[in-house]
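Welcome! Please open your viewer and keep the selection tool at hand for a short tour.

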Amino acid sequence: MSRGSGKGLSLKDKLDGNELDLSLCDLNEVPVRELAALPKATVLDLSCNNLISLPSDFCSLMHLVKLDLSKNRLQQLPLDFGRLVNLQHLDLLNNRLVTLPVSFAQLKNLKWLDLKDNPLDPVLAKVAGDCLDEKQCKQAAVKVLQHMKAIQSEQDRQRQRKLQAEREMEKKREAEQRAKEAQERELRKREKAEEKERRRREYDAQKAAKQEMEKKTKKETVHTRKPASSSRPTQPPRHKPSWSRSVLRVLLFVLFCILCTLAACKLTELQRQPLCVSVNTLYEDVVAALQNHKTLQNMLQHNSQQ
């Protein structure tokens with residue numbers, strides 16, 4: 001074990017019974033692996049070295065009963081230092097410690113503690129007191145453990161309050177999420193109902209339009225078929241009045257022309273024309289015939305009365 005790294009020198013050569021003295025070795029790190037291979041070394045002296053910190057696996061040396069870390073340059077202890085549950089004697093004289101890890105409260109077997117000559121937090125320094133004799137060092141161990149247990153309890157309470165607050169916040173978030181989901185479900189349900197109603201109205205409108213179209217088509221079909229079916233029996237009466245009106249119009253037109261011609265031949269200078277002479281002669285003959293016919297009719301009527 002070299003003086004700087006702690007390797008190269010056999011630890012077994014320094015083991016005396018259950019005591020392992022690694023003091024004054026100018027160590028700047030702890031040979032944890034080699035120490036773990038020596039479970040018999042329950043008393044470990046690492047004083048008067050250049051240790052600034054302890055590796056995290058140092059706390060795996062749970063077989064340690066007595067540990068001397070005095071006169072190093074330790075600024076802090078590992079957070080899980082409380083894993084060294086078998087530790088009874090701890091010397092931290094003349095280091096650079098300000099606080100102790102909360103896990104320190106788990107060192108339930110600790111009976112002796114020296115924290116002199118460290119820039120401790122004022123509260124912790126007052127609790128630890130002096131360690132000038134055996135009695136004071138034992139009292140320091142008891143008081144510091146009580147103090148660290150109180151800190152641990154307070155931290156546990158804070159942690160519980162924090163966890164409770166987080167749980168309440170989580171419950172609140174869950175309630176809000178459930179309310180939001182219920183609102184979204186209600187919204188989707190309402191939208192679905194509105195969509196169904198819209199489609200129903202569209203279907204009813206299409207159905208009504210279809211029925212209206214069918215009625216219209218049926219009515220047009222009936223109107224189309226009805227004249228065709230009744231055309232044969234009604235055709236003669238319909239054509240007969242039309243033919244009579246045409247004949248009547250022709251007769252009226254002819255009569256009108258005759259009257260116009262007679263008027264022209266009687267009242268105008270055209271009466272000396274050959275055509276008018278013939279017309280006037282024909283007119284006089286017709287009038288004479290009608291008068292004779294009337295005279296004959298009167299005579300017949302007179303005879304019949306006698």
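The stops below go from a pocket to a surface patch and then to a single residue.

This is a predicted model, in which local features need pLDDT of at least 70, side-chain atom pairs count only at pLDDT 80 or more, and totals for chains, interfaces and linings use all residues. Residues are numbered from 1 along each chain as its sequence is written, and side-chain values use heavy atoms, with hydrogens and water left out.

**Stop one: the largest pocket.** Select Ile258, Thr261, Leu262, Val279, Leu282, Tyr283, Val286, Val287 and Leu290, which line the largest pocket. About 160 Å³ of space lies there. A pocket here is an open set of points on a 1 Å grid over the protein atoms alone where a 1.4 Å probe fits, with protein on both sides within 12 Å along at least five of seven lines; lining residues have an atom within 4 Å of a point. The volume is the space filled by probe spheres set on the points, which are joined across faces, edges and corners.

Now colour helix H3 (134–267) and helix H4 (274–305): each supplies at least two lining residues. Helices are DSSP runs (H or I, at least four residues), numbered from the N terminus. Which helix gives the most to the lining? H4 does, with six residues.

**Stop two: a surface patch.** Next, select Val250, Phe253, Val254 and Ile258, which form a nonpolar patch on the surface. Ile258 also belongs to the pocket lining. Valine 250 lies in H3. Patch residues have over 30% relative accessible area and no salt bridge (a side-chain nitrogen of Lys or Arg within 4 Å of a carboxyl oxygen of Asp or Glu), and nonpolar side chains (Val, Leu, Ile, Met, Phe, Trp, Tyr) are joined within 5 Å.

**Stop three: glutamine 139.** Finally, pick glutamine 139, in H3. Its C-alpha is 8.3 Å from that of lysine 111, 28 residues away in sequence.

Note on methods: Patches are made of residues with over 30% relative accessible area and no salt bridge: like charges are joined within 9 Å, nonpolar side chains (Val, Leu, Ile, Met, Phe, Trp, Tyr) within 5 Å. Accessible areas come from the Shrake-Rupley method with a 1.4 Å probe; for residues, only the protein chains shown count as cover.
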